[in-house]
Amino acid sequence: MLRAILFDMGGTLDGDGLHWLDRFEKLYAGAGVPLPRATLRAAFDEAERQAAVDETIAAAHLEDMVDRHVGWQLRHLSLDNPRLRRELVARFVKPVRDTARANGRLLAGLKARGLQLGVVSNGCGNVDRLCDDLGYSPFLSIVVDSRRVGLYKPDPAIFLYASARLSLPSSSIMMVGDSFDRDVRPAKAVGMQTAWLEGPAARDCPDRALADVSLRALADLPEALDRQARIVA
């Protein structure tokens with residue numbers, strides 16, 4: 001019996017299946033600065049490295065976090081352009097906030113079903129602040145931030161940690177995430193149910209046996225749970 005659902009943050013609760021790198025690729029092109037994928041990937045990865053050790057980002061809300069991330073990208077790209085920085089940040093943040101309003105309603109509906117809810121994220125130490133900022137916190141029983149607990153996806157130990165925090169067996173928990181390798185595989189390895197968020201563009205599933213549910217959007221989750229319940233019944 002399903003008793004709890006855990007969600008990834010980056011690309012899932014803040015993007016509905018759209019990875020940050022993919023979003024930035026479109027934003028740079030839209031701002032008149034098209035970049036080769038490999039060039040942007042290197043800048044993005046450098047910003048991720050900086051975020052992993054930066055102390056101030058651990059207390060940042062959404063706009064501050066994205067602003068710092070974009071600043072590191074532009075520094076790596078040798079693009080000292082304050083206007084471009086402001087534009088990228090604003091255009092990144094707006095759809096996140098739009099998505100958050102819909103996801104808040106989704107979380108409220110799932111909690112009303114009697115499910116415990118949580119977030120398990122490879123975060124920068126500020127996942128709890130992001131959940132506050134986006135309006136998710138009232139619906140969450142736990143927030144597991146990799147930087148704070150010292151466990152990182154795809155290590156299955158982070159999912160066992162979340163299970164222990166909920167005081168529930170892994171088999172009664174579903175993990176929802178957009179990354180097959182960081183979310184679906186390790187969660188299934190510890191016995192959790194899994195939902196793979198493909199996103200708006202169809203992707204080939206690496207292993208259908210590991211994904212109990214496939215979603216094109218998070219809004220599809222309640223209907224998918226209803227289908228599963230009918231099958232079990």
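This report covers the overall fold, one helix, the largest pocket and some backbone details.

**Basis.** The model is predicted: local features need pLDDT of at least 70, side-chain atom pairs count only at pLDDT 80 or more, and totals for chains, interfaces and linings use all residues. Residues are numbered from 1 along each chain as its sequence is written, and side-chain values use heavy atoms, with hydrogens and water left out.

**Overall fold.** The chain has 10 helices and 6 strands. Helices (H or I, at least four residues) and strands (E, at least two) are DSSP runs, numbered from the N terminus. Along the principal axes, the C-alpha atoms fill a box of roughly 60 × 35 × 30 Å. The radius of gyration is 18 Å, which agrees with the value near 17 Å for a compact globule of 233 residues. That radius is taken over C-alpha atoms, and the globule rule is 2.2 Å times the number of residues to the power 0.38.

Of the 233 residues, 48% are buried. Buried means under 20% relative accessible area, exposed over 50%, and partly exposed in between (1.4 Å probe, protein chains only). Contact means heavy atoms within 4.5 Å. Among contacts between residues at least 6 apart in sequence, 60% join residues at least 24 apart.

**Helix α4.** Helix α4 covers residues 62-76. Its 15 residues should span 21 Å at 1.5 Å a residue, and its end C-alpha atoms are 21 Å apart, which agrees. The expected span is 1.5 Å times one less than the number of residues. Buried residues in α4 include L62, M65, V66, H69 and V70. W72 and L74 are also among the buried residues of α4. The cover over these buried residues includes α2, α3, α5 (82-112) and α6. After α4 comes S78, with a positive phi near 60°.

**The largest pocket.** The largest pocket holds about 630 Å³ of space. On a 1 Å grid over the protein atoms alone, a pocket is an open set of points where a 1.4 Å probe fits, with protein on both sides within 12 Å along at least five of seven lines; lining residues have an atom within 4 Å of a point. Grid points are joined across faces, edges and corners, and the volume is the space filled by probe spheres set on the points.

The lining has 29 residues, and E48, S121, N122, G123 and C124 lie nearest the centre. Helix α3 gives the largest share, 6 residues. Helices α1 (9-13), α3 (37-53), α6 (127-133), α7 (146-149) and α9 (180-189) each supply at least two. By class, the lining has 10 nonpolar, 9 polar and 10 charged residues. Ala, Val, Leu, Ile, Met, Phe, Trp, Tyr, Cys and Pro count as nonpolar, Asp, Glu, Lys and Arg as charged, and the others, Gly among them, as polar.

**Loop details.** Three loop residues are set out here.

| Residue | Loop | Relative accessible area |
|---|---|---|
| D16 | between α1 and α2 (20-30) | 21%, partly exposed |
| S167 | between α8 and β4 (173-177) | 64%, exposed |
| S172 | between α8 and β4 | 4%, buried |

D16 has a positive phi of about 55° although it is not a glycine. S167 is not a glycine either, and its phi is positive, near 55°. Leaving aside neighbours within four places in sequence, S172 is in contact with M1, L2, R3, A4 and Q193.

The peptide bond from K153 to P154 is cis, with omega near 15°. P154 sits in the loop between α7 and α8 (157-166).
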